[in-house]
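Here are some questions and answers for a reader who is new to this structure. Each answer works towards the value or name asked for.

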Amino acid sequence: MNASLLTVRGLTRRFGGLTAVDNVDLDVRKGEIHGLIGPNGSGKTTCINLLSGVLKSDAGSVTLEGTEIARRPTHVVAAAGLARTFQNIRVFGRMTVLQNVLVGFNQSLGYNLLSVFSLRNGAAERRLHEQGMALLEFVGLADKHDTLATNLSYGEQRLIEIARARALSPRLLLLDEPLVGMNPTEVDRVVDLFQRMRGQGLTMLLVEHKMRVVMSVCDQITVLNFGRKIAGGQPDEIRADPEVIRAYLGENHGIRKKRTAGS
Ligand SMILES: Nc1ncnc2c1ncn2[C@@H]1O[C@H](COP(=O)(O)OP(=O)(O)OP(=O)(O)O)[C@@H](O)[C@H]1O
Ligand SMILES: [Mg+2]
């Protein structure tokens, strides 16, 4: 069994009187795709925000390969090897697809955003360009590298986010509903992409409502309900867990009943 890459103990976050994440433990092992599932409002995105440093926890510890990252700023967390995508897409519409990915490299190198626009023909820039194109190749967007991001389909914009997150060379990638808005063909492509990323040794925490995908790609699954962890285990165990069925699976057939705001 692989060693734990991410270890979370007692993670807690309140919003006024609401405990959105309530004493959650989580172990994500190296090289696995770990699913984080649960009904709307159960605290999944809040967890991702806490892990990535976007929100500060009220209590709990988070270690990434032994380094404590709880309550640290986002750039410290990113430098420790954690990258994420957002539930609500965040791409720069007026930038090209390639420029969007290069922003990821720039973040990891600490450059400022403007240098993306002023790529000259130096060797370093050429190498960045090649690395960006390789990432686009990997997600299947190389032929659209020069297109403005705003002109891509919703599903393709989600692929830009994944490519950009990978430009940070993370050890752990957090994916918050990466399949929302994708058609079945796009979903299949992204499932294949996840499997290839895992094949390269990338560890992923996947928040997703599409149960067909979660059950087929995840090695381990953690289930939240009202901010609390109600189950953890392999897909077969989760699928058969009476409490999970009652709280979530019984009425979830992979189709979202409503959209909620959140980031
Ligand atoms: N910034 C905030 N201020 C106040 N309440 C918040 C905030 N962010 C989230 N919440 C509340 O915390 C709870 C958990 O929300 P969260 O977005 O983490 O759920 P989720 O599991 O990601 O849901 P979904 O599947 O709909 O994306 C919800 O009740 C939500 O309304
Ligand atoms: Mg969410």
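Q: Is Lys-144 buried, partly exposed or exposed?
A: In this predicted model, Lys-144 has a relative accessibility of 28%. Buried means under 20% and exposed means over 50%. Lys-144 therefore counts as partly exposed.

Q: Which residue meets the side chain of Lys-144 in a salt bridge?
A: The N to O distance in this salt bridge is 2.6 Å. Lys-144 lies in the loop between α4 and α5, and its partner lies in helix α5 (residues 154–166), so the pair ties together parts that are 12 residues apart in sequence. The partner counts as buried, at 14% relative accessibility. The residue is Glu-156.

Q: Which residue forms a salt bridge with Asp-58?
A: The closest N and O atoms of the pair are 4.0 Å apart. Asp-58 lies in the loop between α1 and β4 (59–64) and the partner in strand β1 (residues 4–15), so parts 44 residues apart in sequence are tied together. Asp-58 is partly exposed at 41% relative accessibility, and the partner is partly exposed at 44%. That partner is Arg-14.

Q: What separates Asp-236 and Arg-239 along helix α8?
A: The side chains of Asp-236 and Arg-239 meet in a salt bridge of 2.8 Å, N to O. An α-helix has 3.6 residues a turn, so residues three or four places apart point the same way. Asp-236 and Arg-239 are three residues apart in helix α8 (residues 235–240), so their separation is about one helical turn.

Q: How many salt bridges does a search of the whole structure find?
A: Lys-30, Glu-65 and Arg-171 are linked in a network of salt bridges. A search of the whole structure gives a total of 12.

Q: Which residues coordinate the magnesium ion (ligand 2)?
A: The coordinating atoms are OG1 and OE1, at 2.0 to 2.2 Å. One residue is in helix α1 (residues 44–52) and the other in the loop between β6 (82–84) and α3 (97–109), 42 residues apart. Both residues are buried. They are Thr-45 and Gln-87.

Q: How far does helix α4 reach from its first C-alpha to its last?
A: Helix α4 (residues 123–139) has 17 residues. At 1.5 Å a residue, the expected reach is 24 Å, and the value in the model is close to that. The helix reaches 25 Å.

Technical notes:
Residues numbered from 1 in each chain as written. Chains lettered and ligands numbered in written order. Predicted model: local features only at pLDDT ≥ 70, side-chain atom pairs only at ≥ 80, totals over all residues. Heavy atoms only, no water. Donors = N, O, S within 2.8 Å, 3.2 Å for Na, K, Ca; no water. Helix = DSSP H or I, 4+ residues; strand = E, 2+ residues; numbered from the N terminus. Buried < 20%, exposed > 50% of the residue type's maximum accessible area, 1.4 Å probe, protein only. Expected span 1.5 Å × (residues − 1).
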